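Hi,

Here is the structure I promised to pass on. Have a look at it first, and then read on for what turned up.

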Amino acid sequence: MSMKKCIFLFLIGLFFVLNTYSQSVGITDFMRLNPYSNFNNPAYFVPYNGYVGIPAISNINFSLYNSGLHYKNLFESRSKMTTTKFINSLAKNNWFNTELNMELLGFGFRVKDYFFSFSYRLRVEQHFRYPRDLFGFLLEGNLTHSNAEFEIEPNLNIYQEMSIGFQGEIFDRLYVGARPKILFGLINVNTDEFRVKVNTNPNDYTISGIHNINMKVASIMPFYKRDAVTGNIALNTEYMFDMGNNVGNVFSKNMGFAIDLGAVYRVNQQIRVSASVTDLGFIRWAGSTLEIASNPHANRFEFQGFTADQITNFIQNGIDFTLDTIFNIANNTLDLNSLGAYTTMLTSKVMVDGYFDLTPSNRFILQCKGYIIGKYFLPQLTVAYNGTFFNAIDVVVSYSVMKKSFANVGIGVGFRIGPVHLYAGTDNVLAAINVLNAARANGTFGLLVNFPTRPKVKEAELKSLFRAREEATEQTQEIEASE
């Protein structure tokens, strides 16, 4: 196995070890019988007098967006590996994003024409942006990329969210909704710059280069120690997992605020349009903050390849790449400086959609959604069908398109058995068949209790339509009387 292939397999393994969570699941957006559709737009009508989520399993969303690392592009045939095909399949900038959104406690209730809800959630968001040249250099080296400069951007955000939602009809045709949120940060990795310049020696394949790194890290768990004599800082895992001393930091160290806003306008009884912005907010990180930066006197590196013994050990025993290994590398090669509080923004989503009810049970939807990730914007377009039958069965079929991701056929289903409501779905059912080549892989499921148990609360017919019908009837009667 060549050094370049070994590096590639190492990075692939690292990505899948670090990114154990998942990017946004939207199949519940289109379920009319599901009260959690309201989390896509807080103005959506909730067809119940109340609901109670089963703790920790009422609403779990898990998803991944992988625009470039696909197994099918690594081989020309079953036995022949290719680098050119893989590199050419990458875009200039690529993403490996994951997200977990899990409700730990939630409920909602109606007061006349207004609906209120409470939710306590755990949120995990990870975004990794990387350029084509990263793998172009690692796989082809001095063949086509003897000199290269590339920038990567790893970011991680783990936090808790407490929210109170409001939804109501303020005019005959207009619903509005809002969901203010208090946030409690747990762990953050925020990359300001991670730039690397590299080159290969055309004679012996030695890799050398220079790095310029500037990152901010924060956690409720202390992950570094300061030497009492020298004052030097070193990453350390000694106290990280001592939850007895850290539990008090969970709701105190890293506070933030966010809000969801939405509106729905009913054009007529069959057509409606809506818009929303969700997760518009920030977290102020103040717990165990640290700046990690390149040392201007030690930011050069050189790699002369793996020995035969090292490669054999990798194959037989795997790669020993633990948290302690990462900390030791950082302690020996990077500058670590204490840092005051800093602020990061959430991954905000903007959405507009339109609904057409062919019949009371059959609805068609067109949705445009975008994810704001720092200075980048990832758009998504979805068309969907929703069928609701007997006030007990919710069926969704969807098709969505994102950058470098076109084979996204979604399926969702929900069942109400008395007060019990069970649902599950995915935005990409094809990923289960061929997960290593999927640009998106996700799933959502939940279990809750709805009230009332049998009939659902129906939206009122538009009063303006009643008036129009009455005026038309009066005009007809006047014409008939005059004749």
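Let me start with F364, which is partly exposed, at a relative accessible area of 38%. One thing to keep in mind throughout: this is a predicted model.

F364 has an aromatic partner in Y385: the pair is tilted, with 5.4 Å from centre to centre and 50° between the planes. F364 belongs to strand 18 (residues 362–373) and Y385 to strand 19, so this pair ties together parts that are 21 residues apart in sequence.

Now the overall picture. The chain has 483 residues, and buried residues make up 48% of them. Its secondary structure comes to seven helices and 23 strands. About 23300 Å² of the chain is exposed, and carbon and sulfur atoms supply 61% of that.

On to the inside. The largest nonpolar core has 28 residues, and the ones that touch the most other members are Y130, F135, L235, L290 and I292. Another core lies apart from it, with 23 residues that include Y36, V46, Y175 and Y423.

Y36 is worth a second look, since it turns up again among the aromatic rings. The chain has 12 aromatic pairs by the rule used here. In one of them, Y36 and Y51 meet edge-to-face, at 5.6 Å centre to centre and with 65° between the planes. Y36 is in the loop between helix 1 (3–18) and strand 1 (50–53), while Y51 is in strand 1 itself, so the pair ties together parts that are 15 residues apart in sequence. Are these two rings buried or exposed? Y36 counts as buried because its relative accessibility is 2%, under the 20% cut-off. Y51 is buried too, at 2% relative accessibility.

Both rings also belong to an aromatic cluster made up of Y36, F39, Y51, F115 and Y423. Within that cluster, F39 has charged company. The charged end of R121 sits over the ring of F39, 4.3 Å from its centre. R179 lies over the face of F39 as well, at 4.1 Å from the ring centre.

Then there is the surface. Which residues form a nonpolar patch there? They are L366, L381, V383, V397, Y399, F406, V409 and L430, and together they have about 660 Å² of accessible area. Strand 19 (376–389), strand 20 (393–402) and strand 21 (405–417) each supply at least two residues of the patch. One member, F406, has its place in strand 21. F406 counts as exposed because its relative accessible area is 54%, over the 50% cut-off.

Last, a couple of backbone oddities. Most residues other than glycine have a negative phi. Where do the exceptions K112 and N391 sit? K112, with a positive phi near 55°, is found in the loop between strand 3 (93–111) and strand 4 (114–131). K112 is exposed, at 77% relative accessibility. N391 is not a glycine either, and has a positive phi of about 55°. N391 is in the loop between strand 19 and strand 20, two of the strands that supply residues to the nonpolar patch. With a relative accessible area of 27%, N391 is partly exposed.

That's the tour. Enjoy looking around!

Cheers

Terms used:
Residues are numbered from 1 along each chain as its sequence is written. This is a predicted model: local features need pLDDT of at least 70, side-chain atom pairs count only at pLDDT 80 or more; totals for chains, interfaces and linings use all residues. Side-chain values use heavy atoms; hydrogens and water are left out. Patches are made of residues with over 30% relative accessible area and no salt bridge: like charges are joined within 9 Å, nonpolar side chains (Val, Leu, Ile, Met, Phe, Trp, Tyr) within 5 Å. Accessible areas come from the Shrake-Rupley method with a 1.4 Å probe; for residues, only the protein chains shown count as cover. A salt bridge is a side-chain nitrogen of Lys or Arg within 4 Å of a carboxyl oxygen of Asp or Glu. Helices (H or I, at least four residues) and strands (E, at least two) are DSSP runs, numbered from the N terminus. Buried means under 20% relative accessible area, exposed over 50%, partly exposed in between (1.4 Å probe, protein chains only). A nonpolar core is a set of buried Ala, Val, Leu, Ile, Met, Phe, Trp, Tyr and Cys residues joined through side-chain atoms within 4.5 Å. Rings of Phe, Tyr and Trp (its six-membered ring) pair if their centres lie within 6.5 Å; planes under 30 degrees apart count as stacked, over 60 as edge-to-face and the rest as tilted. A charge sits over a ring if NZ of Lys or CZ of Arg is within 6 Å of the ring centre and within 35 degrees of the ring normal.
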